[in-house]
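Thanks for coming. I will take a few minutes on one model and then stop.

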Amino acid sequence: MSLDYFLTVSVFTMINTILALSLNILIGYAGQVSLGHAAFFGIGAYASAVLTVKFGLDYWLALLFSILVSGLIGLLLGLPALRVKEDFLVLATIGINFVVVSVFNYVKFFGGPYGILGLPRPKLFGIVFNTKIYALYVLIWTTVVFFLVRYISNTYLKLGFDTLRENEDAAESVGVSSARYKMYAFAMAGLMAGLAGNLWAHYMTVVFPDNFSFPVSIGILTMVVVGGVGTLFGPVVGAVLITFLPELLRFARDYRMLIYGFIIVFTMFFMPKGIVGSMKERIFGETPLGRKYIEKVRRVTGS
Amino acid sequence: MLQNVVNALVLGSSYLMIAVGLTLIYGILKILHIAHAGVYAFGALFTVYLYELGLSMVFAISFSLIASSLLGAFIYRGFYKHVLERGRIVPLVMSVGLFAAMEDLYRLLWGPYKRPFDVHLILPDLITPNLYLGSKGILMLICTAIVIFLLYLLMIKTKLGKSLRACANDLNLAGAFGIDTDRTITYGFLIGSALAALGGILVGLYDNTVYPTMGSVPSYKAFVVVVLGGFGSIRGAVMASYILALVETLIVYKFGFLLPRDAIAFLAMIALLMFKPEGLFGKVQR
């Protein structure tokens, strides 16, 4: 592996980490299963592309706006979640993903199937970010997001999410507005996924609809579940594994997706709580803290 | 106008085949069985493979249907059965993994390219001044009619149908009343998978091509029909297939909508879910 190739894979891994962390807020914390997460990712990327290429905005302003826009749209897309639950929500989010990609694909303003070309690389104090600096830049963002999520895990917000996930009706009955916490979850997930979209778009310097379609959403969900739903480190482990795995499997060329698919299937078979979840259970299973943790995971996964 | 309605009927029939099987499975197990579309593609690809080996069409289709239904039963027995106790996300993700592996396996076995499915049917084409319906469209309509009739007989008249309905109503209760739920679910998978494969074969015939990824759009499109029809209601799925096809076709015809028809279907689904979360023909759950 040459250095540039390694850095590129690392950038993708870190961007996927941000995506997985944000989806985990929806699924693991708030209990809202979404299969349309790539839509937020895409909105962040396209917002930034439109702002910089079509309106000639500076990168840093575009960064701010693209995050805000995807957070806002995240709020809007969260609206169906107020009405529908569980499997219905999964299907609604699949639909949202599909509609968003169709809009990118068929509306002339967004450049159709070839997308928007020529996004600028970020520039700071006259230094244009090359691959090395960009990797560092993405690393900083990933760290920020990670600690933000960690911070959230210890606040009242998390408690609100917990009650929402456990039992929506019970949450309502003790005065926790499930609608409000659902909106919070969707807005936060939208903000973070938008950031990931921005980082992706300005690394690739091009955006096109295919990269935000349904299979990508599935990939993100897979990272979260394989890593461990509801855990802090799970999404990180999942993202690293799922992004690096295909690269490591490159020697197997033709059998790549086959192996990948079966790894997912067998992880679910033997470690239904994900890698981090199952490891924690095995290592800390006998301690009081471990039992408390297992109880929590059991409630999240419903097993 | 008439032409559009007829086109919609054919399109609706193609939705119906895959959606009915999915409804059967969803109705009982309440899992999102995405790999169902993998079975759909398998049916079509395996038929073409057998046909190219030199088997006659009827034999190729029969063998393929049997193989597909066994594949479906294997997916249940080998995979889903062991993770049903572990919540809803685990089977879903497993299904996704299966689907990815299946598509890749087809690509390895039968090549990544589109293959022609060139068969001459004995049925005549229907051509009048303001209507054209090819023989393959006629075949699809006939097959659908037969399938609906047989399904009706199965669900209403036979013991298996009763068990299936009982399991769909409440799996645990059905088990408590002495129904062998495991066997019933397996039969559900056998029947549903055969229907999906038949749908794949007919669509392959109609479009004249089969390819490894032909299941990727139906994999979630079929769920739109299942949702619209009200989860688990077969009658609802039948109605929803035709209504959806009709609405899609008419909207595209009348307004020349900007977005593709699949997007319209999803918009309709989201709108419906917002106002009537139990689907068009569904009962209120809980």
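I will go through confidence, then salt bridges, then a surface patch, then cavities.

This is a predicted model. For the complex, the predictor reports an ipTM of 0.73 and a pTM of 0.80. Chain A has a mean pLDDT of 80, with 90% of its residues at 70 or above. For chain B the mean is 83, and 94% of the residues reach 70 or more. Within chain A, the element with the lowest mean pLDDT is helix α14, residues 288-301, at 66. The highest mean in that chain belongs to helix α2, residues 37-54, at 87.

Next, salt bridges. Over all chains, the search returns 5 of them. One is in chain B, between B:Asp182 and B:Arg77, with the closest N and O atoms 3.3 Å apart. That pair joins distant parts of the chain, the two residues being 105 residues apart. B:Asp182 sits in helix α8, residues 181-207, and B:Arg77 in helix α3, residues 57-83, both of chain B.

Staying with chain B, what makes up the nonpolar surface patch of about 650 Å²? The residues are B:Ile142, B:Ile146, B:Phe149, B:Leu150, B:Tyr152, B:Leu153 and B:Ile156. Of these, B:Leu150 can be placed in helix α5 of chain B, residues 135-157.

Last, the interior. How many cavities of 30 Å³ or more are there? The count is 2. I will describe the second largest, which holds about 40 Å³ of space. Its lining comes from chain A: A:Ser34, A:Gly36, A:Phe40, A:Leu77, A:Thr93, A:Ile96 and A:Phe186. By type, that lining splits into 4 nonpolar residues and 3 polar ones, with no charged residue.

That is what I have for today.

Terms used. Residues are numbered from 1 along each chain as its sequence is written. Chains are lettered from A and ligands numbered from 1 in the order in which they are written. This is a predicted model: local features need pLDDT of at least 70, side-chain atom pairs count only at pLDDT 80 or more; totals for chains, interfaces and linings use all residues. Side-chain values use heavy atoms; hydrogens and water are left out. pLDDT is the predictor's confidence in each residue, from 0 to 100. On a 1 Å grid over the protein atoms alone, a cavity is a set of points where a 1.4 Å probe fits but cannot get out, and a pocket is an open set with protein on both sides within 12 Å along at least five of seven lines; lining residues have an atom within 4 Å of a point. Grid points are joined across faces, edges and corners, and a volume is the space filled by probe spheres set on the points. Ala, Val, Leu, Ile, Met, Phe, Trp, Tyr, Cys and Pro count as nonpolar, Asp, Glu, Lys and Arg as charged, and the others, Gly among them, as polar. Patches are made of residues with over 30% relative accessible area and no salt bridge: like charges are joined within 9 Å, nonpolar side chains (Val, Leu, Ile, Met, Phe, Trp, Tyr) within 5 Å. Accessible areas come from the Shrake-Rupley method with a 1.4 Å probe; for residues, only the protein chains shown count as cover. A salt bridge is a side-chain nitrogen of Lys or Arg within 4 Å of a carboxyl oxygen of Asp or Glu. Helices (H or I, at least four residues) and strands (E, at least two) are DSSP runs, numbered from the N terminus.
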